[in-house]
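Hi everyone, thanks for coming. I'd like to walk you through a structure that is new to most of us, so please have a look at it with me.

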Amino acid sequence: MAVVRPTLVATLLSLTGLGGLPVAQAQKTTTSQPSLPATLEPAELGPRPKSKAGASPAPDSVALRQHLRLAASLQGKYKDSEALAEYQAVLKLNAQHYESLWRAAVLSVSIGNRYSDETRKKAYFDAAHQYADRALALQPEGGESNYAMALALFSEAGLTSARDRLRLFKQLRSHVFLAAERRPDLPEAWQLLGRWYYRVAHYNVLEKTFSRVFLGGYPHGASSKKAIDALEKAHQLDPGRVQYSYDLARMYKYQSHRHQAIAVLQEAIKLPTYTSEDLTVNRLCQQLLPPLLRAAARRDRLHARWYRNLKPTPATGTAGK
């Protein structure tokens with residue numbers, strides 16, 4: 001039996017990298033660049049929360065509720081950095097506030113994705129991981145806390161080596177499944193599950209070998225069909241989110257469901273854009289649509305020509321005998 005050399009596999013993986021479902025490039029700059037997250041200092045969050053059974057969270061104060069209302073209002077206006085600051089203010093009043101922890105994690109990822117500089121990205125993704133970890137300590141099986149952790153791990157995977165990416169993809173499996181199970185009404189969870197399904201379903205031979213040898217096996221059960229089902233669920237829950245439409249349309253395209261991809265894209269380009277990220281993805285939809293339309297028209301012409309060239313089969317019945 002041949003022995004796989006660890007250094008050889010690691011080297012090959014680092015050279016091949018990880019492909020998979022392309023992620024739409026978010027707008028790299030914003031009108032007002034947010035500062036680095038204040039979550040990098042552990043003292044900002046206070047002592048690490050206990051498990052749910054032993055937790056004794058402080059009662060909500062008037063000031064805390066005011067920060068929550070303001071945070072929700074700012075999120076509704078797509079002011080992520082300001083909303084994050086309000087959740088951080090809540091955590092200074094109550095370090096065990098579950099909603100503020102998981103929402104701060106999600107916002108940290110959202111803000112970090114806007115940077116092209118990997119140092120700043122990593123700072124926000126690390127902060128997101130810290131927030132999600134504390135939310136999980138409060139509610140280990142919470143749908144929101146598991147979604148926050150899965151999102152943080154998924155984001156971190158884009159900045160790591162090939163080996164670490166495979167480890168993170170295996171690690172986030174339980175979190176993304178639990179998120180969709182406990183919060184089936186959360187479209188973000190279904191989108192992330194769809195991306196995970198697709199990526200794992202398309203592991204190449206080297207990735208499978210490395211996972212089997214060094215990680216105790218790779219996740220089974222993923223498929224493109226399951227990825228489409230999950231992305232369809234996300235799109236169904238929030239058809240007004242252009243990112244869900246774009247991800248679903250690409251999946252349809254990869255699986256040669258051309259007319260379905262066209263239908264989704266034609267609706268997507270009509271959606272309103274509220275943020276620079278929405279505008280970027282809307283433009284990607286506009287770029288993806290014309291080649292699909294041309295390919296569909298060409299295929300329809302070929303089918304029409306084929307039908308016209310069909311010669312009628314002579315009748316072989318016994319009529320008239």
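Let's start with the whole chain: of its 321 residues, 43% count as buried. Please keep in mind that this is a predicted model. The protein chain has 14 helices and zero strands, so you will see α after α from the N terminus on. Among contacts between residues at least 6 apart in sequence, 69% join residues at least 24 apart. The accessible surface comes to about 17,200 Å², and 54% of that belongs to carbon and sulfur atoms.

Now let's zoom in on helix α6, residues 143–157. At 1.5 Å a residue, its 15 residues should span 21 Å, and the end C-alpha atoms are indeed 21 Å apart, which agrees. Is this helix enclosed or open? Here 15 of the 15 residues of α6 are buried, so the helix is largely enclosed by the rest of the structure.

One residue to find there is N146, which sits in α6. N146 has a relative accessible area of 2%, so it counts as buried, the cut-off being under 20%. What does N146 touch? Beyond its neighbours within four places in sequence, its contacts include L136, H175 and L178, along with P140. With P140 there is a polar link: a polar side-chain atom of N146 lies 3.0 Å from the backbone oxygen of P140.

For a contrast, let's go to Y307, in helix α14, residues 276–308. At 56% relative accessibility, Y307 counts as exposed. Together with W306 and L310, Y307 forms a nonpolar patch on the surface, with about 390 Å² of accessible area among the three.

Terms used. Residues are numbered from 1 along each chain as its sequence is written. This is a predicted model: local features need pLDDT of at least 70, side-chain atom pairs count only at pLDDT 80 or more; totals for chains, interfaces and linings use all residues. Side-chain values use heavy atoms; hydrogens and water are left out. Helices (H or I, at least four residues) and strands (E, at least two) are DSSP runs, numbered from the N terminus. The expected span of a helix is 1.5 Å times one less than its number of residues. Buried means under 20% relative accessible area, exposed over 50%, partly exposed in between (1.4 Å probe, protein chains only). A polar contact is a pair of N or O atoms within 3.5 Å; within protein, one must be able to donate a hydrogen and the other to accept it, and residues adjacent in sequence count only if both atoms are side-chain atoms. Contact means heavy atoms within 4.5 Å. Patches are made of residues with over 30% relative accessible area and no salt bridge: like charges are joined within 9 Å, nonpolar side chains (Val, Leu, Ile, Met, Phe, Trp, Tyr) within 5 Å. Accessible areas come from the Shrake-Rupley method with a 1.4 Å probe; for residues, only the protein chains shown count as cover. A salt bridge is a side-chain nitrogen of Lys or Arg within 4 Å of a carboxyl oxygen of Asp or Glu.
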